[in-house]
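Take a walk through this structure with me. We will go one step at a time, from a sheet to a group of rings.

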Amino acid sequence: VQLQASGGGLAQAGGSLRLSCAASGRTFRNYVMGWFRQAPGKEREFVAVIDWSGGVTGYADSVKGRFSISRDNAKNTVYLQMNSLKPEDTAVYYCARCTFMSRDPSLYDYWGQGTQVTVSS
């Protein structure tokens, strides 16, 4: 299984970015997918999670109402729409796969390489 994250870049505060994570293999639709982020000097933290069907989602309090996770199982892709960006959203963003809904990064078995998001004030 390979996860390829993309879509990061530089945005101004209040702006938007859309991250994508493309997965290889035929079993993508069977797994929960999550987004995490890691800022310099900080631990990796949970951002959002989505169940296999796309019908159940969860968000960190810090992004609730601003970020939206979705998936397209036909395209083996999970997305993270980020709106109303803040400088504190600056981090490397990672997508990852899990067998059940969780906010604990240690329970995710496959990770993408990460994509940098930088938000300027």
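Which residue stands opposite Leu 80 in β8? One answer is Ile 69. Keep in mind as you look that this is a predicted model.

Leu 80 has another partner too. Leu 19 also stands opposite Leu 80 in β8. Two strands, then, need a closer look.

Start with strand β3, which covers residues 17-23. Six bridges join β3 to β8, and the two strands run antiparallel. Now turn to strand β7, residues 67-72. Six bridges join β7 to β8, again in an antiparallel arrangement. Another pair to find here is Ser 68 and its bridge partner in β8, Gln 81. What holds paired strands together in general? Strands of a sheet pair through backbone hydrogen bonds, and they can do so in a parallel or an antiparallel way.

Step back to see the whole sheet. Four strands make it up, in the order β1-β3-β8-β7. The sheet is open, and its pairing is antiparallel. Which strands form the edges? They are β1, residues 3-6, and β7. Each of these pairs on one side only. Neighbouring strands in this sheet are turned against each other by 15° on average, with direction ignored.

How well covered is strand β8? Strand β8 runs over residues 77-82 and is mostly covered. Five of its six residues are buried.

Now follow the chain from β7 into β8. These two strands form a hairpin, with four residues between them. Asn 76 sits in that turn. More exactly, Asn 76 is found in the loop between β7 and β8. Is Asn 76 buried or exposed? Its relative accessibility is 17%, so Asn 76 counts as buried; the limit for buried is under 20%.

Check the backbone at this point. The phi of Asn 76 is near 55°, which is positive although the residue is not a glycine. Why is that worth a look? Most residues other than glycine have a negative phi. On the other side of β8, look at Ser 84. This residue lies in the loop between β8 and β9. Its phi is near 50°, another positive value in a residue other than glycine. Ser 84 has a relative accessible area of 41%, so it is partly exposed.

Next come the aromatic rings. How many aromatic pairs does a search of the whole structure find? It finds five. Take Phe 36 and Tyr 108, one of these pairs. Their ring centres lie 4.9 Å apart and their planes meet at 80°, so the pair is edge-to-face. The two residues come from distant parts of the chain. Phe 36 is in strand β4, residues 32-38. Tyr 108 is in the loop between β9 (91-98) and β10 (110-111). They are 72 residues apart. Phe 36 is buried, with a relative accessible area of 0%. Tyr 108 also counts as buried, at 5% relative accessibility.

Phe 36 has a further ring partner in Trp 111. Here the centres are 5.1 Å apart and the planes are at 50°, so this pair is tilted. Phe 36 lies in β4 and Trp 111 in β10, so the pair ties together parts that are 75 residues apart in sequence. Trp 111 counts as partly exposed, at 27% relative accessibility.

Which residues form one aromatic cluster? They are Phe 36, Phe 46, Tyr 94, Tyr 108 and Trp 111. One ring of this cluster also meets an arginine. Arg 44 lies over the face of Trp 111, at 4.6 Å from the ring centre. Elsewhere, Arg 18 lies over the face of Tyr 79, at 4.0 Å from the ring centre.

Finish at Ser 102. This residue is found in the loop between β9 and β10. Ser 102 is buried, with a relative accessible area of 9%. What does its side chain reach? It reaches the backbone nitrogen of Asp 104, at 3.0 Å. Leave aside the neighbours within four places in sequence, and Ser 102 is in contact with Phe 46, Val 49, Leu 107 and Tyr 108. Two of these names should be familiar: Phe 46 and Tyr 108 belong to the aromatic cluster.

How values were computed. Residues are numbered from 1 along each chain as its sequence is written. This is a predicted model: local features need pLDDT of at least 70, side-chain atom pairs count only at pLDDT 80 or more; totals for chains, interfaces and linings use all residues. Side-chain values use heavy atoms; hydrogens and water are left out. Rings of Phe, Tyr and Trp (its six-membered ring) pair if their centres lie within 6.5 Å; planes under 30 degrees apart count as stacked, over 60 as edge-to-face and the rest as tilted. Buried means under 20% relative accessible area, exposed over 50%, partly exposed in between (1.4 Å probe, protein chains only). A charge sits over a ring if NZ of Lys or CZ of Arg is within 6 Å of the ring centre and within 35 degrees of the ring normal. A polar contact is a pair of N or O atoms within 3.5 Å; within protein, one must be able to donate a hydrogen and the other to accept it, and residues adjacent in sequence count only if both atoms are side-chain atoms. Contact means heavy atoms within 4.5 Å. Two strands pair if DSSP finds at least two bridges between them. Axes are lines fitted to C-alpha atoms, for helices over the stretch in contact, and angles run from 0 to 180 degrees between N-to-C directions.
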